[in-house]
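Got a fold in front of you and want to know what backs up the labels people put on it? Let's go through them one by one.

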Amino acid sequence: MMRYSLMYVLCWLFWFGCSHPESRIDKVILISANAEWKVVKDVFPHESIQHSPWGEYFIKELRVGNWNEPVIFFHGGWGKVAAAGSTQYCIDAWHPKYVINIGTCGGFEGEIKKLETVLVDKTIIYDIEEAMGDSQEAINDYSTVLDLSWLGDHFPKAVTKTLLVSADRDIVPAEIPKLIARYHAVAGDWETGAIAYTCVKNNQRVLILRGVSDLVSPIKGGEAYQNNSIFVLGTDKVMKKLLADLPVWLEKCR
């Protein structure tokens, strides 16, 4: 009798794992900004939207190589607080093998080209101001180096492998020369520093791909700062490109 009961339990577990898509998912695609998430929903307009404490998400089967693979697209929200909290939520909820963040960044004019894709290997949260200590020491504590050795030396798409600086604010044009001199930065965003930091603290493998949606110049300022339509158009182009390229990066993850 014990043997048959055990067999029943094992069969039930096997059926549950095969019948419930979330139990087979080992990759979460994390999307930060609202404008980025809008493009994702426009590209996949017929998905069943579900809700979490942090944001919307849906399960989508993508064609990866010769197989269909279910992944979760998750809207984590903009800024460091939402980025860290939603990343931890995804890790705890699904225990993925990979967290993949795709999104936009602002490029430094003359250092990187518009619509170029950045493969992030280090993040620096630079908007930390200490009044009672050493600000740079605190910045160093929140800097994160990502181990991308698992990707190998050959990437499936053309990318610029470099660091990304993060802050809870848009790039200040006057600060660009300092960011270049101090960190050799070529672009910045709001969320990747928090996402990378949270993943590394969890020993979570993470892949961050960000496309340059607009450029900022220390002389001319930000091209999208007085014209939001430039950011919207750039975001649309960047996100559609990253989504089109996503299957080959997922194949690389395998």
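**What the labels rest on**

Q: What share of the contacts in the protein with a separation of 6 or more comes from residues 24 or more positions apart?
A: That share is 74%. Bear in mind that this is a predicted model.

Q: What makes the protein as compact as a globular protein of its length?
A: Set the radius of gyration against the globule rule: the rule gives 18 Å for 254 residues, and the protein comes out at 20 Å, which is close, so the label fits. There are 7 helices and 11 strands in there, and the C-alpha atoms fill a box of roughly 80 × 40 × 35 Å along the principal axes.

Q: How many of the residues of the protein count as buried?
A: With buried meaning under 20% relative accessible area, 48% of the 254 residues make the cut.

Q: Why is strand β4 called largely enclosed by the rest of the structure?
A: Strand β4 covers residues 67-75, and 7 of its 9 residues are buried, so the description holds.

Q: How do you know that β3 and β4 pair?
A: Pairing needs at least two bridges, and 8 bridges join β3 (residues 56-64) to β4, with the strands antiparallel. One of the partnerships is Y57 with F74 in β4. The two strands also form a hairpin with 2 residues between them, where G65 in the turn has a positive phi of about 65°.

Q: What makes β1 a partner of β4?
A: Again the bar is at least two bridges; β1 (residues 27-31) has 4 bridges to β4, and this pair runs parallel. Within that pairing, V28 has I72 of β4 as its bridge partner.

How values were computed:
Residues are numbered from 1 along each chain as its sequence is written. This is a predicted model: local features need pLDDT of at least 70, side-chain atom pairs count only at pLDDT 80 or more; totals for chains, interfaces and linings use all residues. Side-chain values use heavy atoms; hydrogens and water are left out. The radius of gyration is taken over C-alpha atoms; the globule rule is 2.2 Å times the number of residues to the power 0.38. Buried means under 20% relative accessible area, exposed over 50%, partly exposed in between (1.4 Å probe, protein chains only). Contact means heavy atoms within 4.5 Å.
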